[in-house]
Amino acid sequence: KNDDPPPTMWDILEAQDRFVMGIMESQMTSRDNKGRKEQKEARLRQLLASNGFDTVAEAPGGAVPVPSAPEVMVVGVQPQTAFMFKSALYPAVIEFRVAEGQT
């Protein structure tokens, strides 16, 4: 029997913030990495995987809502599919994994 209180909205939003900000920090670190686009992408994939963004482990229930679509719960990212566009800001495309039963 689990006697822990249910997570509050604050707990969920804090977990969401840590997850999203961590992904953004990985992208910025990769963007600032020396080298060509391919090296920046490899660094982004490595950071996403090594920093544990393939799962949302610390979130209540192991998932967080997507900020732009809160009805969609995300359980992690697919680091190996991340890529960046060649431009001054090197924007990235990150594939998210949604919770089972969601599309």
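How many Å² does the accessible surface of the chain come to, and what percentage of that surface belongs to carbon and sulfur atoms? I looked this up before anything else, keeping in mind that the model is predicted, and I noted a total of about 6700 Å², with 57% of it belonging to carbon and sulfur atoms.

**Entry: overall layout.** I went through the secondary structure and listed 2 helices and 5 strands in the chain, which follow the pattern α-α-β-β-β-β-β when read along the sequence. For the dimensions I took the C-alpha trace, which spans about 50 × 25 × 20 Å along its principal axes. I then checked burial across the chain and found that buried residues make up 30% of its 103 residues. As for contacts between residues at least 6 apart in sequence, I noted that 53% of them join residues at least 24 apart.

**Entry: the nonpolar core.** I turned next to the largest nonpolar core, which has 15 residues, and asked which of them touch the most other members. These are F19, I23, L48 and I94. Helix 1, helix 2 and strand 2 (69-77) are the elements that give two or more residues to this core, and the largest share, 3 residues, comes from helix 1. I set beside this the general tendency of nonpolar side chains to be buried together in soluble globular proteins. I followed L48 further and, leaving aside its neighbours within four places in sequence, I recorded contacts with I23, S26, F53, D54, P79, A82 and I94; of these partners, I23 and I94 are also on the list of core residues that touch the most other members.

**Entry: a nonpolar patch on the surface.** I then looked at the outside of the chain, where M21, M24 and M28 make a nonpolar surface patch of about 240 Å². I placed M24 in helix 1, which runs over residues 9-32. Is M24 buried or exposed, or does it fall in between? I entered M24 as partly exposed, because its relative accessibility is 40%, and the range for that class lies between 20% and 50%.

**Entry: a buried lysine.** My last search was for K40, which lies in helix 2, residues 37-50. I found that K40 is buried yet has no salt bridge, and that D32, the nearest side chain of opposite charge, is 6.6 Å away. Since a salt bridge is counted only within 4 Å, I did not enter this pair as one. Leaving aside neighbours within four places in sequence, I listed S30, R31, D32, N33, G35, M84 and Y90 as the residues in contact with K40.

Conventions
Residues numbered from 1 in each chain as written. Predicted model: local features only at pLDDT ≥ 70, side-chain atom pairs only at ≥ 80, totals over all residues. Heavy atoms only, no water. Helix = DSSP H or I, 4+ residues; strand = E, 2+ residues; numbered from the N terminus. Buried < 20%, exposed > 50% of the residue type's maximum accessible area, 1.4 Å probe, protein only. Lys, Arg positive; Asp, Glu negative; His and termini not counted. Contact = heavy atoms within 4.5 Å. Patch = residues over 30% accessible without salt bridge, like charges linked within 9 Å, V, L, I, M, F, W, Y side chains within 5 Å. Areas by Shrake-Rupley, 256 points an atom, 1.4 Å probe, with all protein chains shown as cover. Core = buried A, V, L, I, M, F, W, Y, C linked by side-chain atoms within 4.5 Å.
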